[in-house]
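Trainee: I have a new model open and would like to learn how to read its strands, helices and loops. Could you walk me through it?

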Amino acid sequence: MISRRRAGLTLVIINRCGPKSKDRLFYDRSMTSIPVRPDRTVDRFDPDPIKSFTMAASLYTDPAVAERERTAIFADSWQWVGHASDVAGVGDYFTVSVADERIFVIRSADGELRAFFNVCLHRGHSLLQGSGTLNGLITCPYHAWVYESTGALKGARMSDRMPDFDVEDFRLADVVVEDFCGFIFVHLGTAPEPMDICYPGLRDVVAAIHPNPASLSLARETLFDIAANWKNVGDNLLECYHCHTTHKDFVDLIDMSGYRNETFERWSVQAGPSRPTSEVYEVTSGAQAFASIFTWPNVSFGQLPGHRGIFMFHFVPSGPETTMQRLAYYSPDGEVSESEEDAFDYFNEVLGPEDVALVEDVQIGLRSMGYHQGKFICIPERPEISEHAVHHFHSMVLEALGMS
Ligand code: FES
Ligand SMILES: [Fe+2]
């Protein structure tokens, strides 16, 4: 699909600009100058959303930017990794990659939630794979150094023959972890602000879509492998300017006259009530509204009409121009109701593919010689179409990259 589109794009360029082309524009004698291309040396992003242009296209394509983002954004922000129900019992663990670092999260023997870099302190082999329940200790598969689930080294084979070996020197490097409304987040920094300080007010808004998110458990999960930069996916998530033009079913499902978007410190909200009758699917139970609570830098707590729980929309760069999008729905009983089944079918078969097609097409446009920066449509009264939350997102990206 993508390669077909890429091939199509190449064909257009050859036809329009090739030296042997008989394209009318190329030979038009009335032309007094060649078409002006965007000046890529100019940056017209502005802190004022009303005046601002979007951030430069090269930030969505440049591998050097992606590498800077790995350390400046993903290794320096709260990253969603799972749910408390994934590690409910003592010894339960799961492994995950964050900013290309291997991590594991575990419910230690003392009942504490902990996270560690998944690397043995002997010669660097990983300690755990996948997920499961530990039967006491963590044993490295390479030379069998043994660790407590609290991270302390319990023993290393033959180390008693070593005169200076001290197990106290070999405590696993821990990762800051937080259970936030039942969802587990980690931060690779050494002393990050707790999430309630980093995202003031967020907890209350998450509680408004479900009063006890810690009681939920995973019911459904879908992965989308997308040929687009992660920020392109984020931009699309954060505005509904495109809803009337590209999501005909969404604007039938949601009463757009009640749709709102608001921005806060490192998070933003889009929400709107569902229509009492919709052709898209029948909402017989659960929420009568849509909500998406974006949380910097790459996750959203959400709810579709009919949902009883919380829908996590997570988008992680898998390369400079590719993203792994994970949609995980947590319900009260780990099951899905009829309305939730319909909501899932709608998302997986209609809304999700519509958005994937948009961002993959845009990613090609971001590489075009004819594009540099666009212009936000930010209306002061913030009607449903306003792109304030995208400008808010771009402000945070540029600040994190030291470019604001
Ligand atoms: S690398 Fe783990 S025991 Fe050697
Ligand atoms: Fe969309």
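Mentor: Gladly. Let us begin with pairing: two strands count as paired if DSSP finds at least two bridges between them. Keep in mind that this is a predicted model.

Trainee: Let me try that on Tyr93. Which residue is its bridge partner in β5?

Mentor: Gly132 is the partner of Tyr93 in β5. The strands behind this bridge are β2 (residues 92–98) and β5 (residues 131–133), which run antiparallel and are joined by three bridges.

Trainee: How many bridges does β2 form with β3?

Mentor: Six, and the pairing of β2 with β3 (residues 101–107) is antiparallel. One of the bridges matches Phe94 with Val105 in β3. Look at the turn as well: two residues lie between the strands of this hairpin, and Ala99 takes a positive phi near 50°.

Trainee: What holds paired strands together in general?

Mentor: Strands of a sheet pair through backbone hydrogen bonds, in either a parallel or an antiparallel sense. Now apply the idea to a whole sheet. Seven strands form an open sheet here, in the order β11-β17-β16-β15-β14-β13-β12, and the pairing is antiparallel.

Trainee: Which strands stand at the edges of that sheet?

Mentor: β11 (217–226) and β12 (260–263) do; each has a single partner strand, so one side of each is left without a neighbour in the sheet. From one strand to the next, the twist averages 15°.

Trainee: Could you show me one pair inside this sheet?

Mentor: Take β15 (residues 299–303) and β16 (residues 310–319), an antiparallel pair with four bridges. Within it, Gly302 stands opposite Phe311 in β16.

Trainee: Which strands do helices α9 and α10 lie across?

Mentor: Helix α9 (residues 338–366) lies across β11 and β17 (322–331), and runs at about 20° to β11. Helix α10 (residues 388–400) lies across β12, β13 (267–273) and β14 (289–295), and its angle to β12 is about 25°.

Trainee: At what angle do α6 and α9 pack?

Mentor: Helix α6 (residues 230–237) packs against α9 at about 130°, with the two axes 10 Å apart. That angle makes α6 oblique to α9, and the crossing is right-handed.

Trainee: Which residues make that contact?

Mentor: From α6 come Asn232, Val233 and Asn236, which meet Asp355, Leu358, Val359, Val362, Gln363 and Leu366 in α9. Sorted by character, the residues of this contact are five nonpolar, three polar and one charged.

Trainee: Let us try a loop residue. Is Asp39 buried or exposed?

Mentor: For this we need a cut-off: a residue counts as exposed if 12 or fewer other C-beta atoms lie within 10 Å of its own. Asp39 has 10 such neighbours, so it is exposed. You will find Asp39 in the loop between α2 (24–27) and α3 (63–72). Sequence distance is worth checking too: Asp39 and Gln373 are 334 residues apart along the chain, yet their C-alpha atoms are separated by 9.3 Å.

Trainee: And what is the picture for the chain as a whole?

Mentor: The chain has ten helices and 17 strands, and its C-alpha atoms fill a box of roughly 90 × 55 × 40 Å along the principal axes. Of the 404 residues, 38% are buried. Among contacts between residues at least 6 apart in sequence, 60% join residues at least 24 apart.

Key. Residues numbered from 1 in each chain as written. Chains lettered and ligands numbered in written order. Predicted model: local features only at pLDDT ≥ 70, side-chain atom pairs only at ≥ 80, totals over all residues. Buried ≥ 20, exposed ≤ 12 C-beta atoms within 10 Å, placed from the backbone. Axes fitted to C-alpha atoms, helices over the stretch in contact; angles between N-to-C directions. Contact = placed C-beta atoms within 7 Å. Parallel < 35°, antiparallel > 145°, perpendicular 65-115°, else oblique. Left-handed = near helix turned anticlockwise from the far one by under 90°. Nonpolar A, V, L, I, M, F, W, Y, C, P; charged D, E, K, R; others polar.
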